[in-house]
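Me: Please examine the structure shown here and discuss how its interior is packed.

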Amino acid sequence: MAAGGYPPVADDMFNTHDLGKGVRLHALRDPRFKTVLFQAAARVPLDGRVTVNALLPPALHRGFGRFPDLRAATCEAEDLYGAGWGSDVRKAGDVHVLSWNIRFLDPAAAPSLPGYLDRCLAFLLDFMGGPAG
C-alpha cells in the first residue's frame, strides 16, 4: 500500500496532458472497477471574478453546452452507461483551481461501443464550456 492506505497507481493507469492556457487533463484508469476518470483543472488568478468562479459549479449543474437543463444532461449520462460528472472550485494560495470531471465505463471493458470514448470526451468539453443560455 502507498501512503494514506491507498493502493499504488501504476504509470499506465494515470496520465496528465497539458491542454494549454493553464488547463491540464488528468486521466485515471481503474481496472478494479472498469472505469476511467477524466478530470480537467484550470488555475485562475484571484481577481474581480471570485464570486463568478465560486458560482460556476452550481450553475453548470443546471445546464451546459448542448444540454439546456439537468434532465438533458442526465439522459446523456445514462446513455453513456451511467457516467457521472461533477465540477468544483477551490482556493490554492492566490489562485482558484476550477475542475470538471467525468467518470465512465472503461472502453476496453465494452469494445462493442463505437464512438463511446468520443461521446464521453464531448460531454466533458461541453461541461467545461460554461452554463447553458
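The following exchange concerns the core, one helix and the aromatic pairs.

Reply: This is a predicted model, in which local features need pLDDT of at least 70 and side-chain atom pairs count only at pLDDT 80 or more, while totals for chains, interfaces and linings use all residues. Residues are numbered from 1 along each chain as its sequence is written, and side-chain values use heavy atoms, without hydrogens and water.

Me: Which buried residues line one face of H2?

Reply: Buried means under 20% relative accessible area, exposed over 50% and partly exposed in between, with a 1.4 Å probe and protein chains only. H2 (70-79) is a DSSP run (helices: H or I, at least four residues; strands: E, at least two), numbered from the N terminus. Seen down the axis, its buried residues fall within an arc of 100° (directions from the axis to the C-beta atoms), so they line one face of the helix. They are Ala 73, Glu 76 and Ala 77.

Me: Which exposed residues does the face of H2 turned away from its buried side carry?

Reply: The cover over the buried residues of H2 includes S4 and H3, by contact (heavy atoms within 4.5 Å). The face turned away from that buried side carries Arg 71 and Glu 78.

Me: How are the rings of Trp 85 and Phe 123 arranged?

Reply: Rings of Phe, Tyr and Trp (its six-membered ring) pair if their centres lie within 6.5 Å; planes under 30 degrees apart count as stacked, over 60 as edge-to-face and the rest as tilted. Trp 85 in strand S4 and Phe 123 in helix H3 are 38 residues apart. Their ring centres are 5.2 Å apart and their planes lie at 70°, so the pair is edge-to-face.
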